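Thank you all for making time this morning. I would like to walk you through one chain, a few residues at a time, and I will ask you to keep the structure in view as I speak.

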Amino acid sequence: METYKIVRFYFRRKARTIRRGLTLAEAQRHCNDPETSSSTAKGKVARSRTRRIGPWFDGFNVEGNR
């Protein structure tokens, strides 16, 4: 079964994996949340992250077979 990982991409930094072992539906649900992009997030944590590090967004990639 394919699993997916959430990768946080930054404009000024190297991307990093923030979650692993998700189904496709879970990965899509995460990335469809407005709080997973600096351009659409309204929450305190996301806005603080954007002020500290600049633009970012979450995407997903196939992780591999488990």
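Let me begin just after helix α2, where G54 takes a positive phi of about 90°. Please bear in mind throughout that this is a predicted model.

From there we can step back into the helix itself, which covers residues 44–53. Which residues of α2 are buried? They are A46, R49 and I53, and because they cover an arc of only 60° around the axis, they fall on the same side of α2. If you turn to the other side of α2, you will find K44 and R51, which are exposed.

The buried side of α2 brings us to the core. The largest nonpolar core has five residues, and two of them, A46 and I53, are ones I have just named from the helix; the core also includes Y10, A41 and W56. As a general remark, nonpolar side chains in soluble globular proteins tend to be buried together.

W56 deserves a little more time. Leaving aside neighbours within four places in sequence, W56 is in contact with R8, F9 and Y10, with E35, T36, S37 and S38, and with A46, R49 and T50. One of these contacts has a particular geometry, in that the charged end of R49 sits over the ring of W56, 4.6 Å from the ring centre. R49, then, is a buried residue of α2 whose charged end is placed over an aromatic ring.

Another partner of W56 is E35, and E35 lies in the loop between α1 and α2. Is E35 buried, partly exposed or exposed? With a relative accessible area of 32%, E35 counts as partly exposed, because buried would require a value under 20% and exposed a value over 50%. Again setting aside neighbours within four places, E35 is in contact with A41, K42, G43, A46 and W56, and the E35 side chain reaches the backbone nitrogen of G43 at 2.9 Å. For a sense of distance, E35 and E2 are 33 residues apart in sequence and 25 Å apart in space, C-alpha to C-alpha.

Now to the aromatic residues. How many aromatic pairs does the structure hold? There are two. In one of them, Y4 and F60 meet edge-to-face, with 5.9 Å from centre to centre and 80° between the planes. This pair links distant parts of the chain, since Y4 is in strand β1, residues 2–10, while F60 is in strand β3, residues 56–65, and the two are 56 residues apart. Y4 is buried, at a relative accessible area of 10%, whereas F60 is partly exposed, at 31%.

The other pair is formed by F9 and F57, which are stacked, at 5.1 Å centre to centre with 20° between the planes. Here too distant parts of the chain are linked, with F9 in β1 and F57 in β3, 48 residues apart. Both residues count as partly exposed, F9 at 29% relative accessibility and F57 at 44%.

I will finish in helix α1, residues 24–32, where H30 lies. At 18% relative accessibility, H30 counts as buried, because the cut-off for that label is under 20%. Not counting residues up to four places away in sequence, H30 touches I6, I18, R19, T36 and D58. T36 in that list is also a contact of W56, which takes us back to the tryptophan we discussed earlier.

Terms used
Residues are numbered from 1 along each chain as its sequence is written. This is a predicted model: local features need pLDDT of at least 70, side-chain atom pairs count only at pLDDT 80 or more; totals for chains, interfaces and linings use all residues. Side-chain values use heavy atoms; hydrogens and water are left out. Helices (H or I, at least four residues) and strands (E, at least two) are DSSP runs, numbered from the N terminus. Buried means under 20% relative accessible area, exposed over 50%, partly exposed in between (1.4 Å probe, protein chains only). Contact means heavy atoms within 4.5 Å. Rings of Phe, Tyr and Trp (its six-membered ring) pair if their centres lie within 6.5 Å; planes under 30 degrees apart count as stacked, over 60 as edge-to-face and the rest as tilted. A charge sits over a ring if NZ of Lys or CZ of Arg is within 6 Å of the ring centre and within 35 degrees of the ring normal. A nonpolar core is a set of buried Ala, Val, Leu, Ile, Met, Phe, Trp, Tyr and Cys residues joined through side-chain atoms within 4.5 Å. The arc is that of the directions from the helix axis to the C-beta atoms. A polar contact is a pair of N or O atoms within 3.5 Å; within protein, one must be able to donate a hydrogen and the other to accept it, and residues adjacent in sequence count only if both atoms are side-chain atoms.
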